[in-house]
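Work through these exercises with the model in view. Try each task before reading its solution.

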2 protein chains.
Amino acid sequence: MNEQLRVLQEKLSAYDHAIGILTYDGETTAPKRTSDNRSHSIGILSEELYKLSVGEETVKLLEGLEREKESLSLEEQRMIEMMLKEIRDMQKIPMEEYVAFQELSIQATKAWKDAKDADDFEIFRPYLEKMVDYGKRFAAYCAPEKHPYDYMLNQFEEGLTQEKCDAFFGNLRERLVPLLRKIKESPQVDDSFLNGFASEANQEIFSNYLMDLMELDRNHVGLSTTEHPFTTSLGSHHDVRITTHYFEDNFASSMFSVIHEGGHALYDRGPKDEYAYTVLDGGVSMGIHESQSRFYENLIGRSRGFIELIFPKLKELFPDVIQDHSPEDIYRAINKVEPSLIRIEADEVTYSLHVMVRYELEKRLFSGELEVKDLPTEWNRLYKEYLGVDVPSDQQGVLQDSHWAGGLMGYFPSYALGSAYGAHFLKKMRETVDVDGAIKAGNLGSINKWNKENIWQYGCLYKPDQLIEKALGEPFSSDAYIDYLEKKYSEIYGF
Amino acid sequence: MNEQLRVLQEKLSAYDHAIGILTYDGETTAPKRTSDNRSHSIGILSEELYKLSVGEETVKLLEGLEREKESLSLEEQRMIEMMLKEIRDMQKIPMEEYVAFQELSIQATKAWKDAKDADDFEIFRPYLEKMVDYGKRFAAYCAPEKHPYDYMLNQFEEGLTQEKCDAFFGNLRERLVPLLRKIKESPQVDDSFLNGFASEANQEIFSNYLMDLMELDRNHVGLSTTEHPFTTSLGSHHDVRITTHYFEDNFASSMFSVIHEGGHALYDRGPKDEYAYTVLDGGVSMGIHESQSRFYENLIGRSRGFIELIFPKLKELFPDVIQDHSPEDIYRAINKVEPSLIRIEADEVTYSLHVMVRYELEKRLFSGELEVKDLPTEWNRLYKEYLGVDVPSDQQGVLQDSHWAGGLMGYFPSYALGSAYGAHFLKKMRETVDVDGAIKAGNLGSINKWNKENIWQYGCLYKPDQLIEKALGEPFSSDAYIDYLEKKYSEIYGF
């Protein structure tokens, strides 16, 4: 690799590492009233990172290399493309605003936590208003020709637009609404026993068991607890952290968080070693990232075979939950379809509706049709309309997710999109891999190998569309996803 | 404050924060095989910090301000003095060597841990050799006129020399050796019951109780566990972390670690608010730092009044230890004098002998009389000679402390010196504060207030000598310390 290009990316990765670990510490370990102190340092380091990323020397280097790109490797070309794209965006955002936004997002996350604790949206409101304003302002700076929400969507999934989202969600709605109706008309599943007592200590043992089963290398992947689970990679794919949250009356919550975040971690760990400390190291988009996390969470973790595999461990660690229930009881219980309040605990069928609420609200916040102060009311109204549930408190409503506090607006649609990518990947994988046999044997090696070869190893080398077509040999379609849901749930609900 | 001076120091503090949190994460939370990844980023950030600290612009700014120092505040003058002193040292060290040393210290700490786990000094030896070489080389660059070990001592305690240390330790030896002899000839204390079972969970509750008692503000002071306890402040005095290590058959080990590190944390938390993000924020020297940590650990924590105060909590949390023992039994047991292997668990009387072993060895390593490969043999020989104990393994011998791995060579003498400062401070404090009454009432506020007013609030404003004389109103002498030891231990041992 070009030496200056290497040195530049190593420096960028060191600043990312510093900001990443400061943020991670804030979420996991730091004393409660230290966030101002952390914001102070993150603000300064972000400013240095900004200068390094869009500084004169960097631009000169990258534009020089861009001019002679025929002589460069595919990897170098992609690095330059990615960095110049960011530069051309960042050049449009005034540095003070970029820095202030970074600092604000730390404070907003703290305010969100306090608001959630106190079940008081008003604590969070002024911060969220500012975050939305920053989003709009950045959109206006960077892509004045676009609808600001199209700019936001494109940040997390290159090429995604409201038009595509409207079509995608429309398609899901068309086939999932009848499915959901049939499910509601069928005899219901009993999952009440899942709320039996599961000690935090045993859940921690279980988390470690699951991570081993997923073949996450514990020498390079850490586990902590936080309010809201997440995955972060620090410095390079050599150090990845996942987090979970234990509820002693709901072992399944942490179980699926660990598998979900574990899927992110596998992807984060997967790029070729030589991509470490370059911009190619890491997942290419949020949609592809979610395709991996939700692949493991749902397509593997909520399969009958997987539940049969882990049944002895469940019986050993959570006897009060399992009692005399069979693997089939558990399989049906963890797949119970029921409109509910919390997205991360939603079943596969209603999950997209949770995402659709957020999509609708974000779209309207960014078009100016909706104000932040009206968000709780609208949230509750849409939950009633789409899911048929009454939201009893903002804690279980609009304050449930950390995303907006951290500036992740336009991110949610990628959850639904990722689920659909994952199902299409699985269909393709089944052509060459005995997926059910691998799960039955408790050896996910062949499944991980397919994902590593087709997805993880490339890091950011290919754009999402290219990567998907390369892996599938055909364009993506949401049919595989909906076919999968129809087959699975008609079998569970017996129609 | 001069605006450029403020901005410069804020940047320096942000880099310190980043490097500090990366290091802290490595010690507390990070997955095992991620240290190379961390070293990579710390190396790059250290290089940036180095450039910022000694760069042309910085030197120009500071030297410009130095020329007009009559117009500056006392604080600004001291900031400039401190930074220029460091610059004038750093200018003499080639940047590549400074960066390589920082990276090495991370790797050496990892190797030390592995060596200690495996009880194999050979794993650590090559790293320690390099660390000593760096020390010598840096000494030769910065103070070629000095003995290299005098340079090392001066790093941690401005003005300290081998000559002063020889005199100081000589004085202690002269009065402590007869004291120790008398103790040995007296009826011995029974402390075997201290090894009763104390669960880790209850020790954690106890740590929190002790921290509350010390009035450590938990909104700004965190607690974690590590192999070797330490204190670090991150970014500013607004975020301080202490660590401890629990042994279920020795609750006193963590108890005194928490009080010791808590003392450091009180000092770190104490500077005036306006010193945050400046070089004045933090302790002025290792000796003064140890004067505070050992003040709380020994002068308070090992006092009869303190044991009486915490007795009900001990009985509640550690019933298997306490059984039917009285506060007096515990007071005598935790003050039992017995030559032993591990410094951090040593009694007050033999403590200085542990320090003297390290002092002797460091002195000889730096003069070239001793090679690293012979360190374990010499360690064991001196422990036999000074303390009369046989060292059964390097794990309990030369590998017990993390200091050398982190480059802290010349640091140990400050532990003994700090103990002596602390005793002199206590003597002075007693003139205006009812120390025993405060302990009895379980309200250390008046004690903390004296320390805050006389020591903590000044941060690095005064040099150690100035600070001590200002607080004491007379020059420091080791007599208060030895008087205290003689009085306390003749009473316990009844002579």
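**Exercise 1.** Which side chain meets R343(B) in a salt bridge?

*Solution.* This is a predicted model, where local features need pLDDT of at least 70, side-chain atom pairs count only at pLDDT 80 or more, and totals for chains, interfaces and linings use all residues. Residues are numbered from 1 along each chain as its sequence is written, chains are lettered from A and ligands numbered from 1 in the order in which they are written, and side-chain values use heavy atoms, with hydrogens and water left out.

Start with the rule: a salt bridge is a side-chain nitrogen of Lys or Arg within 4 Å of a carboxyl oxygen of Asp or Glu. The partner is D401(B), at 2.9 Å from N to O. Next, place the two residues. R343(B) lies in the loop between α14 (327-334) and α15 (348-367) of chain B, and D401(B) in the loop between α16 (375-387) and α17 (413-429), so the pair ties together parts 58 residues apart in sequence. Helices here are DSSP runs (H or I, at least four residues), as are strands (E, at least two), numbered from the N terminus. Last, check the cover. Buried means under 20% relative accessible area, exposed over 50%, partly exposed in between (1.4 Å probe, protein chains only). R343(B) is buried at 2%, and D401(B) is buried at 8%.

**Exercise 2.** Is E328(A), in its salt bridge with R304(A), buried or partly exposed?

*Solution.* First, take the distance: the closest N and O atoms of R304(A) and E328(A) are 2.8 Å apart. Then locate them. R304(A) sits in α12 (residues 304-317) and E328(A) in α14 (residues 327-334) of chain A, 24 residues apart. E328(A) is partly exposed, at 30% relative accessible area. R304(A) is partly exposed too, at 27%.

**Exercise 3.** How many residues does each chain bring to the contact between chain B and chain A?

*Solution.* Contact means heavy atoms within 4.5 Å. Each chain brings 40 residues. Now take the area that the two parts lose on being put together (accessible area, 1.4 Å probe, summed over both). The chains bury about 3,000 Å², 58% of it on carbon and sulfur atoms. P31(B), N37(B) and N219(B) supply 18% of the area that chain B buries against chain A, more than any other three residues.

Finally, look for charge pairs. The rule finds 6 salt bridges across this interface. One is D25(B) with R241(A), at 2.6 Å between the closest N and O atoms. D25(A), R38(A), D239(B) and R241(B) are linked in a network of salt bridges.
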